[in-house]
Amino acid sequence: MNLPAPVEVTYKNMRFLITHNPTNATLNKFIEDWPFDDGAPPSNQVVDDWLRLVKIKFGEEPGCCIAVHCVAGLGRAPVLVVLALNEGGVKYEDALQFIRQKRHGAFNSKQLLYLEKYHPKMQLRFKDSNGHRNNCCIQ
């Protein structure tokens with residue numbers, strides 16, 4: 001199977017690396033593992049755990065990079081990144097388009113429907129050191 005190369009997605013102080021399955025050599029770099037069915041959207045618990053991790057990591061280490069993986073890096077991992085971007089203030093349509101430009105074939109119809117209906121709680125609106133919201137755009 002010819003897997004796509006890892007893709008970095010950056011927005012504000014958040015950086016994500018979308019990749020396919022880790023190998024035994026890289027597995028120790030992955031600190032959490034929240035499986036959900038291939039081709040399906042994540043459960044509410046996975047979303048809550050994911051957003052909590054993102055908020056903590058980028059709150060403690062702005063600009064660090066969180067690697068997100070699934071079997072091919074085309075469905076589950078990009079869905080989680082879209083959720084984080086959406087929670088950070090990016091319209092889901094813009095996040096989808098941005099990721100699809102870098103990750104051709106990302107998302108299936110079930111995942112797209114889930115993302116369309118997802119209502120962000122704006123949990124990832126980070127402030128700069130002066131207490132102002134960061135208004136950068138996707139790079």
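Does Leu 112 count as buried, partly exposed or exposed, and what is its relative accessibility? I looked this up before anything else, and Leu 112 counts as partly exposed because its relative accessibility is 24% (buried means under 20% relative accessible area, exposed over 50% and partly exposed in between, with a 1.4 Å probe and protein chains only).

**Ground rules**

I note that this is a predicted model, in which local features need pLDDT of at least 70 and side-chain atom pairs count only at pLDDT 80 or more, while totals for chains, interfaces and linings use all residues. Residues are numbered from 1 along each chain as its sequence is written, and side-chain values use heavy atoms, with hydrogens and water left out.

**Whole chain**

I found four helices and three strands in the chain, running β-β-α-β-α-α-α from the N terminus on (both are DSSP runs numbered from the N terminus, helices being H or I with at least four residues and strands E with at least two). The chain has 139 residues, and 42% of them count as buried. I then looked at contacts (heavy atoms within 4.5 Å), and of those with a separation of 6 or more, 72% are between residues 24 or more positions apart. The exposed surface of the chain is about 7900 Å², with carbon and sulfur atoms supplying 50% of it (areas come from the Shrake-Rupley method with a 1.4 Å probe, and for residues only the protein chains shown count as cover).

**Helix H1**

I read H1 as residues 44–60, a helix of 17 residues that reaches 24 Å from its first C-alpha to its last, close to the 24 Å expected at 1.5 Å a residue (the expected span is 1.5 Å times one less than the number of residues). Its buried residues include Val 46, Val 47, Asp 49, Trp 50 and Phe 58.

I checked two leucines of H1 in turn. Leu 51, which is found in this helix, is buried with a relative accessible area of 0%, and its C-alpha is 8.4 Å from that of Glu 87, although the two are 36 residues apart in sequence. Leu 53, also found in H1, is buried with a relative accessible area of 15%, and 9.4 Å separates its C-alpha from that of Ile 66, 13 residues apart in sequence.

**Helix H2**

I compared the ends of H2, residues 76–87, with expectation: its 12 residues should span 16 Å at 1.5 Å a residue, and the end C-alpha atoms are 17 Å apart, which agrees. The helix is mostly covered, with 12 of its 12 residues buried, among them Arg 76, Asn 86 and Glu 87. After H2 comes Gly 89, whose phi is positive, near 115°.

I singled out Asn 86, which lies in H2 and counts as buried because its relative accessibility is 8%. Not counting residues up to four places away in sequence, Asn 86 touches Lys 91, Tyr 92, Tyr 118, Pro 120 and Met 122.

**Helix pairs with H4**

I took H2 against H4 (residues 109–117), and the two pack at an angle of about 10° with their axes 11 Å apart (axes are lines fitted to C-alpha atoms, for helices over the stretch in contact, and angles run from 0 to 180 degrees between N-to-C directions). That makes H2 roughly parallel to H4 (a term for angles under 35 degrees). Arg 76, Val 79, Val 82 and Leu 83 of H2 make the contact with Gln 111, Tyr 114 and Leu 115 of H4. These residues divide into five nonpolar, one polar and one charged (Ala, Val, Leu, Ile, Met, Phe, Trp, Tyr, Cys and Pro count as nonpolar, Asp, Glu, Lys and Arg as charged, and the others, Gly among them, as polar).

I next took H3 (residues 92–102) against H4, which pack at an angle of about 145° with their axes 9 Å apart. Here Tyr 92, Leu 96 and Arg 100 in H3 meet Leu 112, Leu 115 and Glu 116 in H4, and by class the contact has four nonpolar, no polar and two charged residues.

**Back to Leu 112, then Ile 99**

I returned to Leu 112, which lies in H4 and, residues up to four places away in sequence not counted, touches Leu 96, Arg 100 and Phe 107. Its C-alpha is 8.6 Å from that of Val 79, 33 residues apart in sequence.

Last, I looked up Ile 99, found in H3, which counts as buried at 1% relative accessibility. Leaving aside neighbours within four places in sequence, Ile 99 is in contact with Val 9, Ile 18, Pro 78, Val 81, Val 82, Leu 85, Ala 106 and Phe 107. The C-alpha atoms of Ile 99 and Val 9 are separated by 7.5 Å, at 90 residues apart along the chain.

How values were computed. Parallel < 35°, antiparallel > 145°, perpendicular 65-115°, else oblique.
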